[in-house]
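User: Hi! I have a structure here that I would like to go through step by step. Could you help me read it?

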Amino acid sequence: MMRRRTTLLTSCTALTLALGATACGGEPVSAGGGAKTLGGQTVTVAGVWSGTEQHNFQKVLDAFSAKTGAKTQFISTGDNVSTVVGSKIEGGNAPDVVMIPQVGVLQQFAQNGWLTPLSATTEKSVDAGYAPVWKKYGSVDSTLYGLYFKAAHKSTVWYSPDAFTQAGVDSPSSFDDMLKAGHTLSDSGLAAFSVGGQDGWTLTDWFENVYLSQAGPEKYDALATHKIKWTDPSVVQALTTLGKLFKDKELLAGGQKEALNTDFPGSVEKVFGPKPDAGMVYEGDFVAAVAHDQFGKTIGKDADFFPFPAVGGGKAPVVSGGDAAVVLKDGKNAKAGMALLEYLATAEASEIWAKAGGYLSPNKDLPLGSYSDDVARATAKSLVDAGDSVRFDMSDQAPAAFGGTKGVGEWKLLQDFLRDPSNPKNTAAKLEDAAARAYKN
């Protein structure tokens with residue numbers, strides 16, 4: 001059973017954009033006149049972000065500091081957020097706030113008794129501005145622990161419009177048509193896809209889009225909670241479909257070996273960098289930030305996307321992900337950490353990153369005009385309009401040992417499958433063995 005903290009935070013007064021954040025206990029964190037009551041305190045925030053994402057999040061943290069007087073320190077954990085944060089907690093050096101990218105890790109932290117329930121102020125903001133599904137994914141045993149500050153639309157395939165024009169191909173509407181378009185690109189002298197296989201999470205995203213479209217949402221939900229086994233025929237079928245891409249040397253830039261040596265930023269560079277090797281790269285909306293910030297591409301002109309196409313007669317998938325902010329009860333400045341979450345729950349905070357680019361918010365109160373370009377606005381509208389029909393990234397719902405740890409579990413086994421996609425049934429069996437150990441059922 002999941003352990004649940006029984007002591008809830010006291011209710012806070014309502015948060016308004018005009019007055020800024022309000023801390024629990026009735027003390028104003030900042031007021032319109034610039035009152036700063038957290039001066040001298042430092043909020044330590046840990047998260048997976050680095051590079052452009054970390055830089056843009058720092059703008060949000062700086063705005064919080066300007067409002068409250070609190071200093072902030074961001075610690076980049078890399079992909080193994082659960083391991084890094086767990087070590088810090090055990091060492092008595094817990095951060096105040098953690099941005100958790102996996103539902104399974106959030107649940108693990110709550111089970112371990114590491115989290116503080118979010119304040120009434122934050123919960124009120126979530127109830128008013130978010131579709132219920134986001135509160136569901138941030139809660140454990142009906143207690144809200146996580147605020148989804150940043151979301152990802154993970155059903156987007158990014159491409160070079162120039163490469164498509166030169167090859168004479170259009171945006172495909174089915175998976176088979178996408179592979180056909182890829183072969184046409186290959187015939188024109190440019191590989192179809194750049195795959196960042198060095199990062200296992202990119203491969204889980206590939207699988208999830210194929211699976212959701214091909215198997216349907218009910219099967220997807222069942223597999224995400226391990227109510228059906230990974231040896232189910234639907235899993236083998238999805239792996240077989242994905243294997244068509246992985247084993248086709250004409251479709252993969254540099255073949256399987258190079259794909260396994262390419263990380264996510266490198267996969268974007270192979271399409272939008274100075275020396276393109278491929279015409280398409282599948283990943284979430286955050287591809288746009290890398291293409292724009294690192295390679296100077298104009299989004300919508302030099303870099304564009306089409307929705308991940310329908311597979312095998314199913315519906316086009318809409319897979320999402322997100323980073324949930326949580327407050328650790330062992331942090332040295334938990335009060336200031338809670339104030340930060342109250343600020344992150346506002347449209348004001350989201351607008352800062354939205355204007356910088358490479359960001360989506362599930363907060364429907366954020367005006368679409370805040371986004372930096374038409375493509376981002378269209379993607380954000382798609383995500384918000386989908387409401388409760390969005391399916392959260394499956395690997396992010398799994399226990400970290402299976403779905404969220406580098407070098408083991410699903411990440412490692414799908415890398416092995418990319419290396420040799422000849423036996424989907426065997427891969428499914430290995431996935432089931434790893435899942436059974438992690439889910440303990």
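**Reading the model**

Analyst: Happy to! Strand β7 (residues 147–153) is a good place to begin, being mostly covered, with seven of its seven residues buried. Please keep in mind that this is a predicted model.

User: Which strand is joined to β7, and in what sense do they run?

Analyst: Six bridges link β7 to a strand covering residues 319–328. Within this pair, Ala 152 has Gly 321 as its bridge partner. The two strands run antiparallel, and the one joined to β7 is β12.

User: Thanks! Stepping back to the whole chain, how many helices and strands are there?

Analyst: The secondary structure comes to 20 helices and 13 strands. The radius of gyration is 22 Å, close to the 22 Å that the globule rule gives for 441 residues, so the chain is as compact as a globular protein of that length. Along the principal axes, its C-alpha atoms fill a box of roughly 65 × 50 × 35 Å. To return to your count, the answer is 20 helices and 13 strands.

User: What percentage of the residues count as buried?

Analyst: Two other values help set the scene. The chain exposes about 17200 Å², with carbon and sulfur atoms supplying 49% of that area. Among contacts with a separation of 6 or more, 75% are between residues 24 or more positions apart. As for burial, the share of the 441 residues is 60%.

User: Let's look at the start of the chain's β-α-β unit. What is its handedness?

Analyst: Strand β1 (residues 42–47) and strand β2 (residues 71–76) pair in the parallel sense over six bridges. One of the facing pairs is Val 45 with Phe 74 in β2. Helix α1 (residues 51–68) belongs to the unit together with β1 and β2, and its handedness is right-handed.

User: Is Val 43 buried or exposed?

Analyst: Val 43 lies in strand β1. Leaving aside residues up to four places away in sequence, it touches residues including Phe 64, Thr 72, Val 97, Ala 336 and Leu 340. Its relative accessibility is 0%, and the cut-off for burial is under 20%. Val 43 therefore counts as buried.

User: And how far is Val 43 from Lys 355, taking C-alpha atoms?

Analyst: Along the chain, these two residues are 312 residues apart. In space, the separation of their C-alpha atoms is 24 Å.

User: Now the open sheet of four strands: which strands stand at its edges?

Analyst: The strand order is β9-β10-β8-β11, with mixed pairing. Each edge strand has a single partner strand, so one side of each is left without a neighbour in the sheet. The twist averages 20 degrees from one strand to the next. The edge strands are β9 (191–193) and β11 (304–307).

User: Which residue stands opposite Ala 191?

Analyst: β9 is joined to strand β10 (residues 278–282) by two bridges, and the strands run parallel. Opposite Ala 191, in β10, stands Ala 278.

User: What covers the buried residues of helix α12?

Analyst: Helix α12 (residues 264–272) is mostly covered, with seven of its nine residues buried. Among them are Phe 264, Val 268, Lys 270 and Phe 272. The cover includes β8 (156–159), α8 (200–215), α11 (255–260), β10 and α13 (287–293).

User: What is the relative accessible area of Lys 275?

Analyst: Lys 275 sits in the loop between α12 and β10. Its C-alpha atom is separated by 34 Å from that of Leu 368, which is 93 residues apart from it along the chain. Exposed means over 50%. Lys 275 is exposed, with a value of 70%.

User: One backbone matter to finish. What is phi for Asp 141 and Ser 142?

Analyst: Most residues other than glycine have a negative phi. Asp 141 is in the loop between β5 (139–140) and β6 (143–144), and Ser 142 has its place in the loop between β5 and β6. At 32% relative accessibility, Asp 141 counts as partly exposed, whereas Ser 142 counts as exposed at 71%. Phi is positive for each, near 50 degrees in Asp 141 and about 65 degrees in Ser 142.

Notes. Residues are numbered from 1 along each chain as its sequence is written. This is a predicted model: local features need pLDDT of at least 70, side-chain atom pairs count only at pLDDT 80 or more; totals for chains, interfaces and linings use all residues. Side-chain values use heavy atoms; hydrogens and water are left out. Two strands pair if DSSP finds at least two bridges between them. A crossover is right-handed if, with the strands pointing away from the viewer, the path from the first strand over the helix to the second runs clockwise. The radius of gyration is taken over C-alpha atoms; the globule rule is 2.2 Å times the number of residues to the power 0.38. Buried means under 20% relative accessible area, exposed over 50%, partly exposed in between (1.4 Å probe, protein chains only). Contact means heavy atoms within 4.5 Å. Accessible areas come from the Shrake-Rupley method with a 1.4 Å probe; for residues, only the protein chains shown count as cover. Axes are lines fitted to C-alpha atoms, for helices over the stretch in contact, and angles run from 0 to 180 degrees between N-to-C directions.
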